[in-house]
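Student: I would like a close look at a single part of this protein. Please go from one residue out to its surroundings.

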Amino acid sequence: MIVYKFGGTSLAEATKIKAVAKIIKSVTEVSMVVVSAPGKRFDQDIKVTDLLYSLAANTSQESKFGNIFLEIKSRFELMIKGLAVEGKAVLEALDAIAKEILQGVSQDFVASRGEYLNALLISEYLGFRFVDAAEFVRLRDDGSIDSLTYELGAKILDRNISTIVPGFYGLDKDGKIKTFSRGGSDITGAILAVCAQADVYQNWTDVSGVLTADPRIVDNPSFVPEITYAELRQMACFGTNVFHSEAISPVAAAGIPIQIKNTLRPEDKGTTISCQREVKKMPVVAVSGVKNLSKISINKENLDQRELAKDISALKNLGFKSIFSRFTADYAYIYGKYETDKLPEELECKLVLYKEKYTVLGLVGQGLDWAKVLSFVADLQDLPIIDFSFEQISATAVIVVEDSHYQEVIQIISDKIR
């Protein structure tokens, strides 16, 4: 069985939904599909979810509320007409949602309705069973998945019936709609794959898979045919946003491979994410970086870890988010996101906040060793490297540079990976 997840760009209008249907129907076996809310049809367009937010924000302005509602309704009517379906369930649900919004509902409820409506529409078009995510997805207060989800899903979902499920939300402990963070439909897809004991989880988007670097920054990055769950998690730590990081754990624990596929180019092989891969074919898979970081040095003779922990905790209370750190007997360097130029008033150690901004680059690959890391660093010898390190256990090398050298460094590394 294949579990599919399609993003909002792939489901923005009738012609794109038809293309998605063709992909799904190309496989004769039973399929389960997670869908997002309709995304943008063109650059200046507005996502349905954002229209719903706007609708909820204007409940006190009758005229404006009515106009926004008609815009949302018109959007779905166009899709209904383009798909040549009755669409009665969708339009009735939209009317009911508008009434509920007027009566007062949570932001999570508002945010979830685009997925709900789109799933109703697509289930009618495909002739698939509709199962509301609220029937089995259960979320804790912190937004993590409650284990009850898998028990309920196994009971409600039938592996012998093709099914559509709206992504992005579930219920909290009080039985109210609760959403994942943006991009959370990836998590719903992972949940569905586990519940249905899928053979593969295909995540369809507008790219043909993982690249060695961000193509918006680097010229001609290489395609990555396969990558491990662990490598993908490491890439996410350094800013790569290919797949929702919280969606990895459920399928990784179940040993279900993920495939990143392109809706616009369904013939492309895509990237497969699994427990293991052939490392010799591609020792290093990617480089990415987090820019605009602050650097804080901590100095004290015979640096005590308890004292250090207190200072780091005080920094966190001021909003510091650590990305990379290095510790020795007498000092520590920490790089992270910090929106203020203030330091905590009470400190155990001497802290210095540098005014310059830094980039922390992560070079990821199970085939990395010290020899390869030093080879990469040697290629950067004409550039000022602030720091670098390598951890065999995470198969990640970290290189720190000033922001002004970010693009040049990442281009050199990407070219060497190729």
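Is Arg 277 buried or exposed? Please go on from there to what surrounds other buried residues.

Tutor: Keep in mind that this is a predicted model. Arg 277 is buried. Its relative accessible area is 10%, and the cut-off for buried is under 20%, so Arg 277 qualifies. Start with its place in the chain. Arg 277 sits in a loop, with β12 (271-274) on one side and β13 (286-299) on the other.

Now the side chain. A polar atom of the Arg 277 side chain lies 2.7 Å from the backbone oxygen of Met 282. The backbone oxygen of Pro 283 is 3.4 Å from a polar atom of that side chain. Look beyond the neighbours within four places in sequence. There Arg 277 is in contact with Glu 226, Ile 227, Thr 228 and Glu 231. Its contacts also include Val 285, Gly 365, Gln 366 and Gly 367.

Compare a second polar residue in a loop. Asn 58 lies between α2 and α3. Asn 58 counts as buried, at 7% relative accessibility. Its side chain reaches the backbone oxygen of Ser 54 at 2.7 Å. Not counting residues up to four places away in sequence, Asn 58 touches Lys 64, Phe 65 and Ile 68.

Next, helix α2 itself, residues 48-57. Val 48, Thr 49, Leu 51, Leu 52 and Leu 55 are buried there. They span an arc of only 160° around the axis, so they lie on the same side of α2. The general rule helps here. An α-helix has 3.6 residues a turn, so residues three or four places apart point the same way. What covers the buried residues of α2? The cover includes α3 (62-83), α4 (88-103) and α5 (107-126).

Last, the nonpolar cores. The largest has 113 residues. Phe 6, Leu 121, Phe 136, Tyr 201, Leu 363 and Ile 413 touch the most other members. Helix α5 gives this core its largest share, 10 residues. Another core, of 12 residues, lies apart from it. Among its members are Ile 296, Leu 303, Leu 315 and Phe 320.

Take Phe 136 from the largest core. Leaving aside its neighbours within four places in sequence, Phe 136 is in contact with residues including Val 131, Leu 152, Ile 156 and Leu 157. Val 165, Ile 191 and Leu 192 are also among the contacts of Phe 136. So are Thr 149 and Gly 153.

Note on methods: Residues numbered from 1 in each chain as written. Predicted model: local features only at pLDDT ≥ 70, side-chain atom pairs only at ≥ 80, totals over all residues. Heavy atoms only, no water. Helix = DSSP H or I, 4+ residues; strand = E, 2+ residues; numbered from the N terminus. Buried < 20%, exposed > 50% of the residue type's maximum accessible area, 1.4 Å probe, protein only. Polar contact = N/O pair within 3.5 Å; in protein donor to acceptor, adjacent residues only side chain to side chain. Contact = heavy atoms within 4.5 Å. Arc of directions from axis to C-beta. Core = buried A, V, L, I, M, F, W, Y, C linked by side-chain atoms within 4.5 Å.
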